[in-house]
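Please read the following report beside the sequence and the coordinates. It takes up a pair of helices, a metal site and one position early in the chain.

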Amino acid sequence: MSDLVEPKAVEITYETDEPVRYEVIDHVAWITMNRPQFNNAQNGQMTYALDDAFMRATQDDDVRAIVLAGEGKHFSAGHDIGTPGRDLHHQFDNRLMVAKHVNKPAAELLYTREQEQYLGMCRRWRDVPKPTIAMVQGACIAGGLMLAWVCDLIVASEDAFFQDPVNRMGIPGVEYFAHGFELPPRVAKEFLMLGERMTAARAEQFGMVNKVVPRENLRETVSGWAARLVAQPRLGNWLTKQALNHVEELRGKRTAMDAVFHMHHFAHAQNDLVQGNSIGGLGAKEMAAANKKQAGET
Ligand code: ZN
């Protein structure tokens, strides 16, 4: 008896061949998520393109700082849970020491995939040996938080907001569980339990965001900061980021994240058992509608 299954055949329609744009300007690599019509929802195609971009920026000695941005109105609406390009059942060439996911049964499929594409990739990007800045406008929701949080610095526009509403799916936060490190514990509980939007101004109060500027000044501010990072010693930048990342590890970031990752997957499995759907039957449309209702929008 085999413990493998036939991969599920699901039709995938990518709207673009370039889900991530990459350009180097004045020694700064600008990595831009490029699915604006889907608010930069992250599918596997984008995740691997991001990984390629971070690797390219790492390998290029001409690049001395990295900016991670999102094209369009919003930074990122999170993981792709409902576009035609949702590619959960597509197997990419794994970058980490993780097996294929598409031929694994039941909860093992998602557990394997998220070890690689979410937890593993985010940790890999956090450790990029060059300083990184997230440039955040509009929505930065769930999986979007993970991308902003792996960066060393976060500059947001006044209209930016942050939210992790996955408690609505019975899940204790997104896969890269930095919530308790980015926010004071009681604030993190509020953030997760209520799942409400946090404004950039409030996020700045807790140091989750470094700077908040008007939307029209966002790019210019980020360019200015990146130029200053470019002017600093390369090794100094790398060592400084490692030093602070190490402090976070000493505070237990990695082990806390490992523990919560397993709770996260217990919740996925529970959803599957109870509802036959790992995200509680809530697709992009249902989540967006519930978010709008919660925010008092119509
Ligand atoms: Zn998950």
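In this predicted model, helix α2 (residues 106-126) and helix α9 (residues 253-275) have axes that come within 11 Å and cross at roughly 150°; since angles over 145 degrees count as roughly antiparallel, α2 and α9 are therefore roughly antiparallel to each other. The crossing in which α2 passes α9 is right-handed, and by class the contact of α2 with α9 has 7 nonpolar, 5 polar and 6 charged residues. On the α2 side the contact includes L110, Y111, E114 and L119, which are among the residues that meet a set in α9 including M257, F261, H264 and H268.

Some of these residues also serve the zinc ion, whose coordination by E114, E175, H264 and H268 spans 2.1 to 2.4 Å, as tabulated here.

| Donor residue | Donor atom | Range for the site |
|---|---|---|
| E114 | OE, listed twice | 2.1 to 2.4 Å |
| E175 | OE | 2.1 to 2.4 Å |
| H264 | NE2 | 2.1 to 2.4 Å |
| H268 | NE2 | 2.1 to 2.4 Å |

Along the sequence, the spacing of the donor residues is E-x60-E-x88-H-x3-H. Because E114 lies in helix α2 and H264 in helix α9, the pair ties together parts that are 150 residues apart in sequence. Both E114 and H264 are buried.

The remaining position is P7, which lies in the segment before β1 (20-25) and is partly exposed, with a relative accessible area of 40%. The C-alpha atoms of P7 and H90 are separated by 8.6 Å, although these residues are 83 residues apart along the chain. Leaving aside residues up to four places away in sequence, P7 touches V102 and N103.

Technical notes. Residues numbered from 1 in each chain as written. Predicted model: local features only at pLDDT ≥ 70, side-chain atom pairs only at ≥ 80, totals over all residues. Heavy atoms only, no water. Axes fitted to C-alpha atoms, helices over the stretch in contact; angles between N-to-C directions. Helix = DSSP H or I, 4+ residues; strand = E, 2+ residues; numbered from the N terminus. Parallel < 35°, antiparallel > 145°, perpendicular 65-115°, else oblique. Left-handed = near helix turned anticlockwise from the far one by under 90°. Contact = heavy atoms within 4.5 Å. Nonpolar A, V, L, I, M, F, W, Y, C, P; charged D, E, K, R; others polar. Donors = N, O, S within 2.8 Å, 3.2 Å for Na, K, Ca; no water. Buried < 20%, exposed > 50% of the residue type's maximum accessible area, 1.4 Å probe, protein only.
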